[in-house]
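Good morning, and thank you for making time for this short presentation. I would ask you to look at the sequence and the structure first, and then to follow me from the chain as a whole to its sheets.

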Amino acid sequence: MKPLPLLPYPRSIERKPGFFTLPVRSALHFEAALDRDRLLLPLTERLQCAAAKAGVVLELITGSPRHPQLAIRALRSTAAPPEKQGYRLDITSSGVLLHYRDEDGLRAGAATLRQLLREYGRRLPCLIIRDFPDFEHRGIMLDISRGRVPNLGTLLELVGHLADFKINEFQLYTEHTFAYRNYERVWKGWGAITAEEIMLLDARCRQLGIELVPNQNSFGHLRYWLEYPPLKGLAEVSEPYEGADGTFLRYPSTLAPLNPRTMPFLRELYDELLPCFTSSRFNVGCDETWDLGRGQSKRVSERKGKGRVYMQFLKRFIARFRRETS
């Protein structure tokens with residue numbers, strides 16, 4: 001039998017004979033105890049949208065599941081796999097039953113059902129799917145710093161697709177493309193994303209069960225920041241230099257870790273960026289610090305080694321910012 005076109009592919013699929021055809025007017029039952037704004041209404045809207053594309057009007061009901069047009073029911077149940085985010089989806093000739101133990105399992109089962117509706121329309125194959133993920137966190141990081149930034153509409157559409165694929169973490173790789181109030185000359189012309197747009201995206205991600213994790217490079221990858229005249233003094237090196245093989249120029253892109261103005265600069269960025277997110281995590285980047293040990297930190301790096309200078313900077317600013325935010 002041909003595999004079902006599902007991504008990611010479920011852990012177990014047991015095909016059964018027959019099909020269930022959703023009535024043109026059908027009812028969807030969710031338990032009333034579900035959080036209305038964070039879970040019940042967003043999931044209802046997504047299933048209604050998928051059903052509408054299949055030619056079905058799906059009515060939400062709560063309370064008693066007794067309804068003449070009941071077609072889909074979601075039930076917190078020990079029939080679901082015991083693993084975190086697990087679900088069991090039963091499609092029989094009489095309807096669809098989604099078993100789950102936790103909210104993420106409910107979201108995952110609904111995502112699978114959306115894919116089935118997209119593929120088969122109203123006429124769904126009878127089956128039993130049992131599924132749970134190998135990894136608790138399944139993330140995507142989108143680079144928004146090497147070209148124009150996607151607009152909010154594009155990002156909202158993207159996270160909707162990510163939710164269908166059971167992605168539950170999203171990051172926007174950021175160098176200089178957040179619209180910091182005091183640094184318009186750094187991001188102007190790049191279509192930078194604003195604080196309001198981040199907050200709207202964060203709210204939608206929460207509805208979809210996706211954690212939007214802030215991301216701001218904080219050591220390397222800061223060329224456009226360090227070209228801005230008021231910040232040039234924070235660069236580890238002041239001028240471009242030839243790469244290791246002499247075939248290209250490297251432009252200053254690394255903060256000087258020993259400069260006393262470096263920490264206050266980062267603190268200023270974080271104070272504006274982080275309140276836009278509800279996540280308690282933060283990706284500070286800090287990779288590819290090509291310039292380290294070539295300029296302001298050269299003497300200390302020669303004495304201690306670049307690796308130690310790098311690690312001491314990381315430990316210092318992590319300890320400082322943890323203390324200030326605790």
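Let me begin with the surface: the accessible surface of the chain comes to about 16700 Å², and carbon and sulfur atoms account for 52% of it. Please keep in mind that this is a predicted model. Of the 326 residues in the chain, 48% are buried.

In terms of secondary structure, the chain has 9 helices and 12 strands. Its radius of gyration is 25 Å, well over the 20 Å that the globule rule gives for 326 residues, so the chain is more spread out than a compact globule. Along the principal axes, the C-alpha atoms fill a box of roughly 75 × 40 × 35 Å. As for contacts between residues at least 6 apart in sequence, 75% of them join residues at least 24 apart.

I turn now to the sheets. As a general reminder, strands of a sheet pair through backbone hydrogen bonds, either parallel or antiparallel.

One open sheet has 7 strands in the order 1-7-5-6-4-2-3, and its pairing is mixed. Which strands stand at the edges of this sheet? They are strand 1, residues 12-21, and strand 3, residues 57-61; each has a single partner strand, so one side of each is left without a neighbour in the sheet. On average, neighbouring strands here are turned by 20° against each other, direction ignored.

Within this sheet, strand 5 (residues 87-92) and strand 7 (residues 123-131) run antiparallel and are joined by 5 bridges. Asp-90 stands opposite Ile-128 in strand 7. Helix 1, residues 36-53, lies across strand 2 (25-29) and strand 3, and runs at about 160° to strand 3.

A further open sheet has 3 strands in the order 8-9-10, with parallel pairing. Strand 8 (139-143) and strand 10 (211-213) each have a single partner strand and stand at the edges, so one side of each lacks a neighbour in the sheet. From one strand to the next, the twist averages 20°.

Strand 8 pairs with strand 9, residues 169-173, in the parallel sense over 5 bridges. Asp-143 has Tyr-173 in strand 9 as its bridge partner. Helix 3, residues 152-164, packs on this sheet and touches strand 8 and strand 9, its direction making about 145° with that of strand 9. Helix 5, residues 195-207, lies across strand 9 and strand 10, running at about 145° to strand 10.

That concludes my presentation; thank you for your attention.

Notes: Residues are numbered from 1 along each chain as its sequence is written. This is a predicted model: local features need pLDDT of at least 70, side-chain atom pairs count only at pLDDT 80 or more; totals for chains, interfaces and linings use all residues. Side-chain values use heavy atoms; hydrogens and water are left out. Two strands pair if DSSP finds at least two bridges between them. Helices (H or I, at least four residues) and strands (E, at least two) are DSSP runs, numbered from the N terminus. Axes are lines fitted to C-alpha atoms, for helices over the stretch in contact, and angles run from 0 to 180 degrees between N-to-C directions. Contact means heavy atoms within 4.5 Å. The radius of gyration is taken over C-alpha atoms; the globule rule is 2.2 Å times the number of residues to the power 0.38. Buried means under 20% relative accessible area, exposed over 50%, partly exposed in between (1.4 Å probe, protein chains only). Accessible areas come from the Shrake-Rupley method with a 1.4 Å probe; for residues, only the protein chains shown count as cover.
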